[in-house]
Amino acid sequence: MELVSLDLFQTLVNIDSRREQVWKPILQGDYAPSLAETCAGALRGHFFDQWALSHTSGAFVSLQEVYGRSFAAYFAETGRSFDAEEAVDILFREHRAAPFYEETAEFLGKLMNTRKVCIVSDADEAMIPDFCAAYGIKLFTSEEHRSYKNDDRNRMFKEVIRYYGVQPSEILHIGDSVSDVLGARREGIRTCWINRTGSVWTQGAEPDFTVFSLLELEGLLQTAEAGRS
């Protein structure tokens with residue numbers, strides 16, 4: 001592989017670890033870990049509803065807008081008095097503060113010594129952690145390219161191919177979501193699903209590889225290249 005393309009959230013950094021910091025200021029005196037988990041699930045449901053609605057117009061809608069509508073719908077449903085825009089600011093702040101998974105630093109250190117590396121993320125710029133700049137990793141975001149990984153335009157993956165001037169088959173994209181696999185596959189990019197939760201893949205088009213930890217990828221890359229020689 002000439003290029004390894006990486007998803008960001010839930011692949012390199014763990015946003016779930018910031019749940020308390022997201023929901024404590026929103027729930028205030030009502031905060032409890034179990035309630036925060038319930039609220040996160042309810043917000044996720046509203047997010048998927050708003051995501052689907054935002055794509056019916058064919059126009060690009062930022063995650064700030066989608067999350068703003070999602071929080072507003074959640075607060076209206078629950079009768080909780082909190083400003084939706086402030087809630088988005090809190091959520092984005094905690095995305096920026098999301099820590100590496102335990103193996104991320106070691107994985108990046110080894111990978112960046114041997115291969116070209118970039119990050120492709122469905123994210124607004126305000127969500128991006130500082131480590132991307134500190135590591136000098138080229139970043140492709142949905143806000144910058146006004147496209148998401150699994151939309152019909154596939155603009156981000158097309159731009160990755162154009163920017164590096166490599167064949168799609170020489171790129172491996174690694175991510176935790178269906179969008180990572182389906183969007184990359186659509187451009188002929190090889191895919192690796194990082195399945196940290198032991199989930200079952202339910203889509204028709206399967207990833208080329210599946211791993212449960214980033215540290216599995218060193219051996220996987222060597223095996224994949226040996227199979228192509």
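Reader: How many disulfides does the structure hold?
Author: Zero. Keep in mind that this is a predicted model.

Reader: How do you know that Cys118 has no bond to the closest cysteine sulfur?
Author: Just set the distance against the cut-off. A disulfide needs two cysteine sulfur atoms within 2.5 Å. The closest cysteine sulfur to that of Cys118 sits in Cys132, 11 Å away, so the pair is too far for a bond.

Reader: And what makes Cys118 buried?
Author: Buried means under 20% relative accessible area. Cys118 comes out at 0%, so it counts as buried. Cys39 has 4% relative accessibility, so it gets the buried label too.

Reader: Why is Glu94 called buried?
Author: Again the cut-off is under 20%, and Glu94 has a relative accessible area of 4%, so buried it is. You'll find Glu94 in helix H4, which covers residues 84-96.

Reader: What makes the pairing of the Glu94 and Arg18 side chains a polar contact?
Author: The limit for the N or O atoms is 3.5 Å, and these two side chains meet at 2.7 Å. Leaving aside neighbours within four places in sequence, Glu94 is in contact with Ile15, Arg18, Gln21 and Val22.

Reader: Why are H3 and H4 called oblique to each other?
Author: H3 (residues 63-78) and H4 pack at about 125°, with axes 8 Å apart. Roughly perpendicular stops at 115 degrees and roughly antiparallel starts over 145, so H3 and H4 are oblique. Their crossing is right-handed.

Reader: Which residues in H3 meet H4?
Author: Leu63, Gln64, Tyr67, Gly68, Phe71, Ala72 and Phe75. On the H4 side, they meet Ala84, Ala87, Val88, Leu91 and Phe92.

Definitions and conventions. Residues numbered from 1 in each chain as written. Predicted model: local features only at pLDDT ≥ 70, side-chain atom pairs only at ≥ 80, totals over all residues. Heavy atoms only, no water. Buried < 20%, exposed > 50% of the residue type's maximum accessible area, 1.4 Å probe, protein only. Helix = DSSP H or I, 4+ residues; strand = E, 2+ residues; numbered from the N terminus. Polar contact = N/O pair within 3.5 Å; in protein donor to acceptor, adjacent residues only side chain to side chain. Contact = heavy atoms within 4.5 Å. Axes fitted to C-alpha atoms, helices over the stretch in contact; angles between N-to-C directions. Parallel < 35°, antiparallel > 145°, perpendicular 65-115°, else oblique. Left-handed = near helix turned anticlockwise from the far one by under 90°.
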